[in-house]
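Please open the structure in your viewer and keep the sequence beside it, so that each selection can be followed in both places. The tour moves from the whole chain to single residues and pairs.

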Amino acid sequence: MLHPFLPLRPLDQSAVCPGQLRWAAAEVIYAAAPIATIPAKTMIRLTNFSIDAPRWDQNTFVGRLKHFFNITDPRTVLVSEHELDRAKALVESCRAGLVPPGTSQEQLFYAKKLYDSAFHPDSGEKMNLIGRMSFQVPGGMAITGFMLQFYRTVPAVVFWQWVNQSFNALVNYTNRNAACPISLTQIGVAYVSATSTALATAVGLNLYTKRAPPLMARWVPFAAVAAANCVNIPMMRQQELINGIMVTDEKDCELGHSRVAAAKGITQVVVSRIVMAAPGMVLLPILMERLEKLPFMKRIQVLHAPLQVMLAGGFLLFMVPVACSLFPQKCSLALSSLEPELRACIQATHGDCVPYVYFNKGL
C-alpha cells in the first residue's frame, strides 16, 4: 500500500487515459509538506478528475463491495489523527481543483480512502474512532466472541449484551444521517430501549433453552442482537422518521424532506446489520459445538474464548463490507412513492424532470 503523502512523480501525460489526472506542469515536489504551507501559486490545477467520483460502479453489488472493502479496512484505525487531517485537507483541495505539485493519483485515492473511513459523508466531521465502520472488525470481534463464549449464566448474558448494545448505539449514532439532529434525551431513550430489548430477549431465551439442545442456547446471543437492531437503529434515527430525511435530485439539488425515504433507508440499514452479524453468530456456534467435543479442545478450555474472538474477526472481516454493500449508499426512490404533498411540490417546481429522488441511507 502506498503511503498517501510520499513524494511521487506526477503521472505521465502521454500515458493518461480519459478521466484520469492531467497535470498542467510540475517540477518541484511538495507532497510531503502540509497543504496549508504550500504557496497557492505553486498548486497544480486539475482537469478531468473528480475525487468524489466512485472508483467502482456503485449500481452493482461487486462495485459496492470493492468500495466498502476499501473504506472499512481495519488498518485505517491505526492511522494518526494528524495524517487523517492531512488526508482531509488534500481531498478538500482536490475538490477545489488544486493539488500540490508532485501529487500522484495513488496518493489522491489513498487520501480519499482515509477521508471516507474517518469523516462523515454528510457533515464532513471526523467520526469517533469506535463508531467508524473500519472499527467494526476489531471492536465487533471481541464483543461477538465473548457473547458466544459466555452465554450459559444470566449475569454473563446481561453484561455482554449491555456491552454490545452500548457499542451498537455508538455505531448507529455515528453513522446516522447527520442532516437530522437528535437530542441527548432521544439518544438516551433509544439506548435504554434497545438495551432493554436485547436483555429481555437474551435472558428470556436463555432461561427457555435450558431445556433445549445445547446448540439452541448458543444461538441466543444472535436472537438478542437481531431483536435489538430492530429497535436500536430506528430509535437512534427517530428524527428521520418523524421529520423526514432530505432528498435530492441526481445533481444533489435539495428537494425536501421525506419520511418514506427515511423508513426505506433505516429498514435497509437494519437488514444490513443483521446480515453482518448472522454468519459469525449462527455458524460459529455450530463449529464450536463440534470442536469442544474433541479431546485436545477439552484440555485447553482457557483458549476457547480467544479462539472464538479470532474466528469472529475472520467472519466480520468479510461480512462488514458484504453487508454494507447489500444496498447502495446513495439510495433512490421513485417520485411516485413519496408522500403526496412532497410529490406535488416537486412536480409543481420541476415538472416531470425528476422521476427519482436520492438520499444517504446511512450505514
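What follows is a series of stops, each with something to select and a description of what is there.

**The whole chain**

Begin with the entire protein chain in a cartoon view, and keep in mind throughout that this is a predicted model. The protein chain has 13 helices and six strands, and of its 363 residues 48% count as buried. If you consider the contacts in the protein chain with a separation of 6 or more, residues 24 or more positions apart account for 76% of them.

**Two crossing helices**

Select helix α1, residues 61-71, and then helix α3, residues 105-118. How do α1 and α3 lie relative to each other? Their axes come within 8 Å and cross at roughly 85°, and because angles of 65 to 115 degrees count as roughly perpendicular, that is the description that applies to α1 and α3. Now show the side chains where the helices meet: H67, N70 and I71 belong to α1, while K113, D116 and S117 belong to α3. Sorted by class, the contact of α1 with α3 consists of one nonpolar, three polar and two charged residues.

**Salt bridges**

Next, turn to the charged side chains, among which the count comes to 14 salt bridges. Select R75 and D73 for one of these pairs, in which the closest N and O atoms are 2.8 Å apart. Are these two residues buried or exposed? R75 counts as exposed, at 54% relative accessibility, whereas D73 is buried, with a relative accessible area of 10%.

Move on to K126 and E81, a salt bridge whose closest N and O atoms are 2.7 Å apart. This pair links distant parts of the chain, since K126 lies in the loop between α3 and α4 (136-149) and E81 lies in helix α2 (residues 81-95), 45 residues apart. Both partners are partly exposed, K126 at 31% relative accessibility and E81 with a relative accessible area of 42%.

Then select R259 and E341, whose side chains meet in a salt bridge at 3.8 Å, N to O. R259 lies in helix α10 (residues 259-291) and E341 in helix α13 (residues 340-350), so this pair ties together parts that are 82 residues apart in sequence. R259 counts as partly exposed at 40% relative accessibility, and E341 counts as exposed at 51%. To end this stop, select D52, R95, K112 and D116 together, which are joined into one network by salt bridges that share partners.

**A buried residue in helix α10**

Stay with helix α10 and select I266, which is found there. I266 counts as buried, with 3% relative accessibility, because a residue under 20% relative accessible area is placed in that group. Which residues does I266 contact, once its neighbours within four places in sequence are left aside? They are I233, P234, R237, E240 and L241. You can also draw a distance from the C-alpha atom of I266 to that of G362, which is 96 residues apart from I266 along the chain and separated from it by 7.8 Å.

**A polar contact at T174**

Now select T174, which is found in helix α5 (residues 154-174) and is buried, with a relative accessible area of 6%. Show N128 as well, and look for the polar contact of 2.7 Å that joins the side chains of T174 and N128. Not counting residues up to four places away in sequence, T174 touches H120, M127, N128, G131 and R132.

**A loop and a strand**

For the last stop, select D252 in the loop between β3 (245-248) and β4 (254-258). D252 has a positive phi of about 70° although it is not a glycine, and at 51% relative accessibility D252 counts as exposed.

Finally, select Y358, whose place is in strand β6 (residues 356-360). Where residues up to four places away in sequence are not counted, Y358 touches M246, V247, T248, D249 and E250, and also K330, C331 and S332. A distance drawn from C-alpha to C-alpha between Y358 and K251 should read 9.5 Å, although these residues are 107 residues apart in sequence.

How values were computed:
Residues numbered from 1 in each chain as written. Predicted model: local features only at pLDDT ≥ 70, side-chain atom pairs only at ≥ 80, totals over all residues. Heavy atoms only, no water. Salt bridge = Lys/Arg side-chain N within 4 Å of Asp/Glu carboxyl O. Buried < 20%, exposed > 50% of the residue type's maximum accessible area, 1.4 Å probe, protein only. Helix = DSSP H or I, 4+ residues; strand = E, 2+ residues; numbered from the N terminus. Contact = heavy atoms within 4.5 Å. Axes fitted to C-alpha atoms, helices over the stretch in contact; angles between N-to-C directions. Parallel < 35°, antiparallel > 145°, perpendicular 65-115°, else oblique. Nonpolar A, V, L, I, M, F, W, Y, C, P; charged D, E, K, R; others polar. Polar contact = N/O pair within 3.5 Å; in protein donor to acceptor, adjacent residues only side chain to side chain.
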